[in-house]
Every structure is written in C-alpha cells, then in structure tokens.
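Open the model in your viewer and keep the sequence panel beside it. This tour goes from the whole chain to its core and then to single residues.

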Amino acid sequence: MVKIMFVCHGNICRSPMAEFLFRDMVKKAGREGEISCASSAVSAEEIWGENGSPVYPPVKALLSSLGISCEGKRAVQLRASDAEKYDFFVCMDESNLRGAKRILGAAGAGKCRKLLSFAGEDGDVSDPWYTRDFQKAYEDIRRGLEGILRSV
C-alpha cells in the first residue's frame, strides 16, 4: 500500500482538496487497495485545542459540486512521527516543502516533493486563500494528482 500525505499551510484549502479529489480518483481507477492518502498542515494556525478548523467553505462547495464529500475533515498538523507512516509527502508550494522537511527531519525530508512536479512542472499550486481563485487551485491540483496516479 502506497501512503501519501498532502501538505499545505493550514490544511483547510489545498491539501484537503487534494486529499478528497485523489481519494475519488483512486476509487474510480479501482485502486483503493493500493493507495491511501491523508492531508495535514505545516502550521498550527487552523488547529484549535483538540479540533482543527473544518475544510474552508468554498473548497467544500467545489468538492460537493463534483459529488465528493469532505464531511468530518478537520485540520491537523504534520508531525515528525508521520515520516515513518507515509511514503510520500506531497507539498503544494515551496514554502510548504521547506516546512515539511523541517518538521519531518532527516527521516522524511527525502520523501517530500511539490505536487506539480508529478505533472512535470516546477511551479507552485495557486493558493486560493490569497487569490480567491479556487478553480485555478483545483486545476493545478488535478494536474498534479493525475501525474501521481500515473506514477505510483
């Protein structure tokens, strides 16, 4: 079983979008027994006590429009112990990549890649928190996820 952790800054926009889109893609490809995924944040900004913030409403609406539920997902922070549990840490941008490597340390740093590298690109996934363009983020994420599905 290949285990993938999607990582972004707060785990309320891009990484949960990637997690739930990828789960849907894996299911449609009939590969549920081969690949699993989760998502997390490099920051603790969206973590409140024992509960993290829910998926950001525009992301939830976009996923819902595709027939994908993210109900119950709450933001969680990436932990050093995750290095042992996952095969890949797929980061949305350069800042997330640096943060993930810092958190995971030597045990996980070599498992970290930017999502768009799986699509043969060097860029970052557009951040809808700042751009408000959730469709652009979706398109970037979809391209990267298609690349992952082909490569694992």
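Accessible areas here come from the Shrake-Rupley method with a 1.4 Å probe. On that basis, the surface of the chain comes to about 7,400 Å², and carbon and sulfur atoms hold 49% of it. Keep in mind throughout that this is a predicted model.

**Stop 1: the whole chain**

Colour by secondary structure. You should find six helices and six strands, in the order β-α-β-β-β-α-β-α-α-β-α-α along the sequence.

Zoom out until everything fits. The C-alpha atoms occupy a box of roughly 40 × 35 × 30 Å along the principal axes. A compact globule of 152 residues would have a radius of gyration near 15 Å, and the value for this chain, 14 Å, agrees with that. Of the 152 residues, 51% are buried. Among contacts with a separation of 6 or more, 72% join residues 24 or more positions apart.

Now colour by charge. There are 22 positive and 21 negative side chains. The centres of these two sets lie 2 Å apart.

**Stop 2: the largest nonpolar core**

Nonpolar side chains tend to be buried together in soluble globular proteins. Select F6, F22, L115, I141, L145 and I148 and show them as sticks. In the largest nonpolar core, which has 34 residues, these six touch the most other members. Elements giving two or more residues to this core are β1 (2-8), α1 (14-28), β2 (35-41), α2 (57-65) and α6 (134-151). Which element gives the largest share of the core? Select α1: seven of the core residues come from there.

Centre the view on L115. Setting aside neighbours within four places in sequence, L115 is in contact with F6, V90, C91, M92, V125, I141, G144, L145 and I148.

Another core lies apart from the largest one and has 14 residues. To locate this second core, select V7, V42, C91 and L97, which are among its members.

**Stop 3: I141**

Go to helix α6, where I141 lies. Is I141 buried or exposed? Its relative accessible area is 0%, so I141 is buried. Beyond residues up to four places away in sequence, I141 touches R14, M17, A18, L21, M92, L115 and V125. For a distance check, pick the C-alpha atoms of I141 and L62: they are separated by 13 Å, with the two positions 79 residues apart in the numbering.

**Stop 4: C37**

Select strand β2 and find C37 in it. With a relative accessible area of 10%, below the 20% cut-off for buried, C37 counts as buried. Leaving out residues up to four places away in sequence, the residues C37 touches are I4, F6, E19, F22 and R23. R23 is 14 residues from C37 along the chain, and their C-alpha atoms are separated by 7.1 Å.

**Stop 5: the loop between α2 and β5**

Move to the loop between α2 and β5 (88-91), and select I68 there. At 9% relative accessibility, I68 counts as buried. Apart from residues up to four places away in sequence, I68 touches F20, L21, D24 and L63. From I68 to V2 the C-alpha distance is 22 Å, and the two are 66 residues apart in sequence.

Next select G72, placed in the loop between α2 and β5 as well. G72 has a relative accessible area of 67% and is therefore exposed. The C-alpha atoms of G72 and A137 are separated by 22 Å, the two residues being 65 apart along the chain.

**Stop 6: two positive phi angles**

Most residues other than glycine have a negative phi. Select N11, in the loop between β1 and α1. N11 is not a glycine, yet its phi is positive, at about 65°. This residue counts as buried because its relative accessibility is 0%.

Finish at R132, in the loop between α5 (128-131) and α6. What is phi at R132? The angle is near 65°, a positive value in a residue other than glycine. R132 has 43% relative accessibility, so this residue counts as partly exposed.

How values were computed: Residues are numbered from 1 along each chain as its sequence is written. This is a predicted model: local features need pLDDT of at least 70, side-chain atom pairs count only at pLDDT 80 or more; totals for chains, interfaces and linings use all residues. Side-chain values use heavy atoms; hydrogens and water are left out. Helices (H or I, at least four residues) and strands (E, at least two) are DSSP runs, numbered from the N terminus. The radius of gyration is taken over C-alpha atoms; the globule rule is 2.2 Å times the number of residues to the power 0.38. Buried means under 20% relative accessible area, exposed over 50%, partly exposed in between (1.4 Å probe, protein chains only). Contact means heavy atoms within 4.5 Å. Lys and Arg count as positive and Asp and Glu as negative; His and the chain ends are not counted. The place of a charge is taken as NZ of Lys, CZ of Arg, CG of Asp or CD of Glu. A nonpolar core is a set of buried Ala, Val, Leu, Ile, Met, Phe, Trp, Tyr and Cys residues joined through side-chain atoms within 4.5 Å.
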